[in-house]
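Reader: I would like a close look at a single part of this model, namely the strands of chain A and how they are paired, covered and connected to what lies around them. Please take the pairing step by step, and then set the result beside the contact with the other chain.

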Amino acid sequence: MGYPFPSHAGETPVLSKYFGDKDAISLAGFRKRGGYDGLQKALSMTPAEIVDVVKASGLRGRGGAGFPTGIKWSFMKPGDGKPHYLCCNADESEPGTFKDREIMRWTPHALVEGCAIGAYAIGAETAYIYIRGEFTEPLVRMRDAVREAYDAGILGKNAMGTGKRIDIVIHKGAGAYICGEETAMMNSIEGRRGNPRIKPPFPAVSGVFAQPTTINNVETLAAVPHIIVRGAEWYKGLCLSSPKSTGSKLFSVCGNIAKPGNYEVTLGFSFKDFLYDLCGGPLPGRTFKAVIPGGISVPIQTMEEAEATKMDYEGFVEQGSMLGSGGVIVFDDQQNMVKQIARAARFFAHESCAQCTQCREGTAWTTKIMERIRDGEGTHEDLDTLFSIADNMTGKTICVLSDSCAVPVVSGINKFRSEFEALIKKPTFHPVTAAVA
Amino acid sequence: MTAVTHEHDAPYQPVFVGERRKELDALFPLYPTKMACILPALWMVQEDRGWVSDDAMAEVAQVLELTPAYVKGVVTFYTMYNTHPVGKYLVQVCTTTPCNICGAEDVVRALLDHTNCSDLGVTSADGLFTVIEVECLGACGFATPVMINEEVIESVTAARVPELVAGLK
């Protein structure tokens, strides 16, 4: 299928196979398509066996950091006598990213199944799915799916008749980008302000409600049932470049491009073919100028870098950026990079939780200076000031929101300096020191 | 509960009575603490009243055994809880970078013009509309998404705005 466009022959539709297929939304429709076969099989395995399969598959976190999922699960120590929790991060709010939204809209049961397997694998009886408040339609679909799964005995105190307890609770967010950060999300579930927490302790030691917790992204969990059913070797075989990056990955594509939408490709796919063939290239009469390939928090790529990229965790790093969340934002020749970077900075200033000084002040000052340059009021000194602020915002705060604000600014000035200089008309102000007699 | 009321206001009517109270009570077993029910409780308030007043925060505090100051701290952290009354239609337009490069600012201007709102955040004189800019709605491939109350409308352009607004009047 595919949504909004039919799947391209170059795609590897695993998670997106039923996007746009209304019949796959309901429990009955999903089961007809092999749904819950993975959970059935998983419940006949031991948790350790599931963790081993996921480890062997090479699956890495799809939310942004790319941490190996099986290894993350293995941090949860069985038999410690404490309640364990799984938190599913469905707070997708990284600008440029809208893949989890489509998973929940079209295949809500795939996420329920993934959560149930994940919870069982880490010894948790409760999974919280934290869905951002703006996702009204995905929320309805997910609530319906969870209700259907309870009514059918898939969830609850006797999950699929195995005597194992698996509860899933949908928790609705209320508008805060930072709640996509795992420790902020746990605070939000606990009923607090969504301020990130200092690590350590890591969530696997003391997470939500101070109990051992694992946080996984929607796409990560949705991939798990496929790995259980088809095996680790099959998943590992989905690899076109680096052996450290396996499986299929959804990329959300937006901005100035002919066919925006979600595309699922095998990791290692050529980014050039992806942009020009799968996504249809630039709009008529335009040319691409720059790409942010993994959500707004990753460095901007020039087209030269983008066209040389293999789409996997290592490939994007080799070409000056990161895979991040897979949110591809494309800019064409009609866009002014200074204006857009200023807008990105404003986003971070708005979303800073304001706990750390470097972030609270840094995002605000970066925005002011960027907007001043955009409006023709900047000086050459401002560019140095932006670098200096960026330096003070990087690696110095509780979470990486601060670093994320510095990223587009630094990469933008480095790669598109001429656009900044074209807007700087004022002479640099040099203070004159009074002569001492 | 003893609600704080102001001279000119009608006495505060509690939200958590009858069905709503039952709904809240049903949430308690899902979490190990009552405090964890604060976000869902505030959502119930907003669904019923359209916004979250100081009196409502005091009521949430009472039912969850928290202080009103704590509840206010939580409410003001999250952007989706309205701390002031809004129009019948709350129109939220995404203007973050991906939508910005697809013309979101033109959509905002067209919405302000056609709803007769004098500025962002100012409710129209007929009480129908409040237009606000918001950060990323998570529908970047369908620029520009506009969220009207609970519904997200995809791929809105300035040209589509008149029809969209007329449909609500």
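Author: What follows goes through the strands of chain A in turn, and then passes to the contact and to chain B.

The model is a predicted one, and it scores ipTM 0.94 and pTM 0.95.

A convenient place to begin is strand 2 of chain A, residues 124-131, where 7 of the 8 residues are buried, so that the strand is mostly covered. On one hand it is joined to strand 1 of chain A, residues 84-90, by 7 bridges, and these two strands run parallel; within that pairing, A:Tyr85 has A:Thr126 as its bridge partner in strand 2. Strand 2 of chain A also pairs with strand 3 of chain A, again in the parallel sense, over 6 bridges, and here A:Tyr128 is matched with A:Val169 of strand 3 as its bridge partner. The connection between strand 2 and strand 3 of chain A passes through helix 7 of chain A, and the β-α-β crossover made in this way is right-handed.

Strand 1 of chain A deserves a residue-level view, and A:Ala90, which is found in that strand, serves well for it. Because A:Ala90 has 30 C-beta neighbours inside 10 Å, it counts as buried, the cut-off for that label being 20 or more. Once neighbours within four places in sequence are left aside, A:Ala90 is in contact with A:Asp100, A:Met104, A:Ile129, A:Tyr130, A:Ile131 and A:Val218. For one of these partners a separation can be given: A:Asp100 lies 10 residues from A:Ala90 along the chain, and their C-alpha atoms are separated by 6.8 Å.

One of those partners leads on to the nonpolar core. The largest nonpolar core has 182 residues, and those with the most contacts inside it are A:Cys87, A:Cys88, A:Leu111, A:Cys115, A:Ala116 and A:Ile129. Of these, A:Ala116 can be followed outward: not counting residues up to four places away in sequence, it touches A:Leu39, A:Leu155, A:Ala159 and A:Ile166.

A further set of strands in chain A is arranged as an open sheet, in which 5 strands follow the order 6-5-11-8-9 with mixed pairing. Strand 6 and strand 9 (301-302) of chain A stand at its edges, and since each has a single partner strand, one side of each is left without a neighbour in the sheet. At the strand 6 edge, strand 5 and strand 6 of chain A pair in the antiparallel sense over 6 bridges, and A:Ser252 stands opposite A:Asn262 of strand 6. Strand 8 of chain A, residues 288-292, is mostly covered, with 5 of its 5 residues buried. This strand 8 pairs with strand 11 of chain A in the antiparallel sense over 4 bridges, an arrangement in which A:Ile292 stands opposite A:Ile329 of strand 11. Towards the other edge, 2 bridges join strand 8 of chain A to strand 9 of chain A, and these run antiparallel too; the bridge partner of A:Val291 in strand 9 is A:Gln301.

Several of these strands return when one turns to the other chain. The contact takes 46 residues from chain A and 35 residues from chain B. On the side of chain A that touches chain B, at least two residues each are supplied by helix 7 (136-151), strand 3 (167-172), helix 8 (182-189), strand 5 (248-255), strand 6 (261-266), strand 11 (327-332) and helix 14 (337-351). Helix 14 of chain A gives the largest share of that side, 6 residues, while by character the residues of the side divide into 17 nonpolar, 18 polar and 11 charged.

As for the partner, chain B has 7 helices and 4 strands, which follow the pattern α-α-α-α-β-α-α-β-β-β-α when read along the sequence. Its C-alpha atoms fill a box of roughly 50 × 40 × 25 Å, taken along the principal axes. Of the 169 residues of chain B, 40% count as buried, and among its contacts between residues at least 6 apart in sequence, 57% join residues at least 24 apart. The mean pLDDT of chain B is 94, with 95% of its residues reaching 70 or more.

Key:
Residues are numbered from 1 along each chain as its sequence is written. Chains are lettered from A and ligands numbered from 1 in the order in which they are written. This is a predicted model: local features need pLDDT of at least 70, side-chain atom pairs count only at pLDDT 80 or more; totals for chains, interfaces and linings use all residues. Two residues are in contact if their C-beta atoms, placed from the backbone, lie within 7 Å. Ala, Val, Leu, Ile, Met, Phe, Trp, Tyr, Cys and Pro count as nonpolar, Asp, Glu, Lys and Arg as charged, and the others, Gly among them, as polar. Two strands pair if DSSP finds at least two bridges between them. pLDDT is the predictor's confidence in each residue, from 0 to 100. A residue is buried if 20 or more other C-beta atoms lie within 10 Å of its own, exposed if 12 or fewer, and partly exposed in between; C-beta atoms are placed from the backbone. A crossover is right-handed if, with the strands pointing away from the viewer, the path from the first strand over the helix to the second runs clockwise. A nonpolar core is a set of buried Ala, Val, Leu, Ile, Met, Phe, Trp, Tyr and Cys residues joined through C-beta atoms within 7 Å.
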